[in-house]
Amino acid sequence: MPTSTDHKVALITGGARGIGFGIAEALLQSGYRVLVTGLSDEEVTAVPPRDHLSSTRLDVTDDHAVADIISQCDQLDALVNCAGIAVARRTVTKKRDSDELLAHDLATFQKIVTVNLIGTFNVLSKFAARLAAAEPVGEERGVIVNTASVAAFDGQIGQAAYSASKGGVVGMTLPIARDL
């Protein structure tokens, strides 16, 4: 786990690829030490080796795993929540080679909401508890950034679950900021 007295340390969920990895690169250039997470071993091992960059597997919906990652870091100054999944699925589709109509399955909808919304809250709340217990540096204890999507406001065909989950992230961010 990264630690430093000379650098700030950031945890980026979903940082092993995509937007999260782009944010990791920007933070590295700004002098941060960065720990990125990915859902699979393949994602984590694909992270290119760099100074001040570590990677580990993390399922943001696993309460104990999240608590362990946060407690194992000697120092954490920033959290960027980028972990998320998307499955394009219409609310109603036609079965192949048939006129039978199929409803969007609940399990897929629940999984997307669980990872994108509940997983974001899971990591955020544990990180926030750690920050609240820390001594401030000046007037700050740290920073939390949640990533959502324009789909929270303008979802496209097949994005009902993804849009709902990202709308939830948007909806919880301001009240949480006020809480903290």
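## Overview

Of the 180 residues in the protein chain, 38% count as buried. The model is predicted. Its C-alpha trace spans about 65 × 40 × 30 Å along the principal axes.

The protein chain exposes about 10300 Å². Carbon and sulfur atoms supply 52% of that area. The chain carries 16 positive and 21 negative charges, and the mean positions of these two sets are 6 Å apart.

## Order of elements

The chain has 6 helices and 7 strands. From the N terminus on, they run β-α-β-α-β-α-β-β-β-α-β-α-α. The order thus opens with a strand and ends with two helices.

Contacts also link distant parts of the sequence. Among contacts between residues at least 6 apart in sequence, 60% join residues at least 24 apart.

## The nonpolar cores

In soluble globular proteins, nonpolar side chains tend to be buried together. Here the largest nonpolar core has 22 residues. Those with the most contacts inside it are Leu11, Val60, Ile70, Leu76, Leu79, Val123 and Phe127. Strand 1 (9-13), helix 3 (63-72), helix 4 (106-133) and helix 6 (160-179) each supply at least two residues of this core. Helix 4 gives the most, with 7 residues. A second, separate core has 15 residues, including Ile12, Ala16, Ala24 and Val34.

Leu11 shows how parts of the chain come together. Leaving aside neighbours within four places in sequence, Leu11 is in contact with Leu35, Thr37, Ile69, Ile70, Leu76, Ala78, Leu79, Val80 and Val123.

## Thr37, a buried residue in a strand

Thr37 is among the contacts of Leu11. Thr37 lies in strand 2, residues 33-38. Its relative accessibility is 1%, so Thr37 counts as buried.

Which residues does Thr37 touch, leaving aside neighbours within four places in sequence? They are Leu11, Ile12, Thr13, Gly14, Gly15, Ala16, Thr56 and Leu58. Two of these names, Ile12 and Ala16, also appear in the second core.

## Cysteines without a disulfide

A disulfide is a covalent bond between the sulfur atoms of two cysteines. The structure holds 0 disulfides. Why does Cys73 not form a bond with the closest cysteine sulfur? That sulfur belongs to Cys82 and is 16 Å from the sulfur of Cys73, too far for a bond. The cut-off for a disulfide is 2.5 Å between the sulfur atoms. For Cys82, the closest cysteine sulfur is in Cys73.

Cys73 is buried, with a relative accessible area of 2%. Cys82 also counts as buried, at 14% relative accessibility.

## Three loop residues

His52 and Asp97 share a backbone feature: each has a positive phi in a residue other than glycine. Phi of His52 is near 65°. His52 sits in the loop between helix 2 (41-45) and strand 3 (53-57). His52 is partly exposed, with a relative accessible area of 32%.

Phi of Asp97 is near 55°. Asp97 is placed in the loop between strand 5 (92-94) and strand 6 (101-103). At 85% relative accessibility, Asp97 counts as exposed.

Ile157 lies in the loop between helix 5 (151-154) and helix 6. Is Ile157 buried or exposed? Ile157 is exposed, because its relative accessible area is 64%, and the cut-off for exposed is over 50%. Ile157 and Thr91 are 66 residues apart along the chain, yet their C-alpha atoms are separated by 8.9 Å.

Note on methods. Residues are numbered from 1 along each chain as its sequence is written. This is a predicted model: local features need pLDDT of at least 70, side-chain atom pairs count only at pLDDT 80 or more; totals for chains, interfaces and linings use all residues. Side-chain values use heavy atoms; hydrogens and water are left out. Helices (H or I, at least four residues) and strands (E, at least two) are DSSP runs, numbered from the N terminus. Buried means under 20% relative accessible area, exposed over 50%, partly exposed in between (1.4 Å probe, protein chains only). Contact means heavy atoms within 4.5 Å. Accessible areas come from the Shrake-Rupley method with a 1.4 Å probe; for residues, only the protein chains shown count as cover. Lys and Arg count as positive and Asp and Glu as negative; His and the chain ends are not counted. The place of a charge is taken as NZ of Lys, CZ of Arg, CG of Asp or CD of Glu. A nonpolar core is a set of buried Ala, Val, Leu, Ile, Met, Phe, Trp, Tyr and Cys residues joined through side-chain atoms within 4.5 Å.
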